Amino acid sequence: MIVPCPDCGKKNRVPGVASGRPRCAHCHHDLPWLAEAGDAGFADVVERSPLPVVVDLWAPWCGPCRMVSPELEKLAAEKAGRLKLVKVNSDDAPRLSQRFQVQAIPTLLVMRDGKVLANQVGAAPARVLRTWLDQALAGEPAAAQRGRP
Ligand SMILES: [Zn+2]
């Protein structure tokens, strides 16, 4: 995805999968990390992400999704360097929809190391999403305690 740098405005290409967090090629400012995934790419894009991930399970026909997605993108920009936002079109991801027991969309998940830290079903106002996300991220274990296999 092409993302403008929040600091200098230069457009950067942000990869869906990377071992570190994306930085601006020009000024090295942290970039908002936006990506997409489906059934096939989910393990690489989400479960092995070096940053916590907000998963937005949406569908093109879903009106509330169109209200929530821009708010999530704002939060991702605000938390650049600390968060990755991954959009999953649930129509194209039947296995993920089943795995996360998606019964209504949007369904939002906060994930870290493949584990779901929090979920939110249905649309919510921006301030509710922000509080939900902050609480989910605050509940994550400290970096030093996180072992990697
Ligand atoms: Zn920049």
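Which residues are linked with R21 in a network of salt bridges? The network comprises R21, R23 and D30. This group is one of several sites shown below in close-up, all taken from a predicted model.

**Figure 1. Salt-bridge network of R21, R23 and D30.** Within this network, R21 forms a salt bridge with D30, and the closest N and O atoms of the two residues are 2.9 Å apart. The two partners differ in burial class: R21 is partly exposed, with a relative accessible area of 37%, whereas D30 is buried, with a relative accessible area of 19%. The value for D30 places this residue under the 20% limit that defines the buried class. The structure as a whole holds 8 salt bridges.

**Figure 2. Zinc site formed by four cysteines.** The zinc ion is coordinated by the SG atoms of C5, C8, C24 and C27, at 2.3 Å. The arrangement is tetrahedral because the 4 donor atoms subtend angles of 104 to 118° around the zinc ion. Along the sequence, the donor residues follow the spacing C-x2-C-x15-C-x2-C. C5 lies in the loop between β1 (2–4) and β2 (11–13), and C27 in the loop between β2 and β3, so this pair ties together parts that are 22 residues apart in sequence. C5 is buried, with a relative accessible area of 5%, while C27 is partly exposed, at 29%.

**Figure 3. Backbone at H28 in the loop between β2 and β3.** H28 has a positive phi of about 65°, although H28 is not a glycine. Most residues other than glycine have a negative phi. With a relative accessibility of 54%, H28 counts as exposed.

**Figure 4. Surroundings of G16 in the loop between β2 and β3.** G16 is partly exposed, with a relative accessible area of 27%. Leaving out residues up to four places away in sequence, G16 touches W33, A35, V45 and K84. The C-alpha atoms of G16 and E36 are separated by 7.0 Å, although these residues are 20 residues apart along the chain.

**Figure 5. Salt bridge between R95 and D39.** The closest N and O atoms of R95 and D39 are 3.9 Å apart. R95 lies in helix α3 (residues 94–99) and D39 in the loop between β3 (33–36) and α1 (42–47), so the salt bridge ties together parts that are 56 residues apart in sequence. R95 counts as exposed at 56% relative accessibility, whereas D39 counts as buried at 17%.

**Figure 6. Salt bridge between E47 and R99.** In this pair the closest N and O atoms are 2.6 Å apart. E47 lies in helix α1 and R99 in helix α3, so the contact ties together parts that are 52 residues apart in sequence. Both residues are partly exposed, E47 with a relative accessible area of 22% and R99 with one of 43%. Side chains of opposite charge can pair when their charged atoms come close.

**Figure 7. Backbone features of the loop between α3 and β6, at Q101 and P106.** Q101 has a positive phi of about 50° although Q101 is not a glycine. At 63% relative accessibility, Q101 counts as exposed. In the loop that also holds P106, a cis peptide bond joins I105 and P106, with omega about 0°. Most peptide bonds are trans.

**Figure 8. Hairpin of strands β6 and β7.** Strand β6 (residues 107–112) and strand β7 run antiparallel and are joined by 6 bridges. T107 stands opposite V121 in β7. The hairpin has 2 residues between the strands, and D113 takes a positive phi near 50°.

**Figure 9. Environment of Q120 in strand β7 (residues 115–121).** Q120 is buried, with a relative accessible area of 16%. The side chain of Q120 reaches the backbone oxygen of G122 at 3.2 Å. Apart from neighbours within four places in sequence, Q120 is in contact with P106, T107, L108, L129 and W132. Among these contacts, P106 is the proline of the cis peptide bond with I105, and T107 is the residue that stands opposite V121.

Definitions and conventions:
Residues are numbered from 1 along each chain as its sequence is written. This is a predicted model: local features need pLDDT of at least 70, side-chain atom pairs count only at pLDDT 80 or more; totals for chains, interfaces and linings use all residues. Side-chain values use heavy atoms; hydrogens and water are left out. Helices (H or I, at least four residues) and strands (E, at least two) are DSSP runs, numbered from the N terminus. Buried means under 20% relative accessible area, exposed over 50%, partly exposed in between (1.4 Å probe, protein chains only). A polar contact is a pair of N or O atoms within 3.5 Å; within protein, one must be able to donate a hydrogen and the other to accept it, and residues adjacent in sequence count only if both atoms are side-chain atoms. Contact means heavy atoms within 4.5 Å. A salt bridge is a side-chain nitrogen of Lys or Arg within 4 Å of a carboxyl oxygen of Asp or Glu. Donors are N, O and S atoms within 2.8 Å of the metal (3.2 Å for Na, K and Ca); water is not among the atoms, so sites may look incomplete. Four donors count as tetrahedral if all angles lie between 85 and 135 degrees; four count as square planar and six as octahedral if opposite donors are over 155 degrees apart and all others between 65 and 115; anything else is irregular. Two strands pair if DSSP finds at least two bridges between them.
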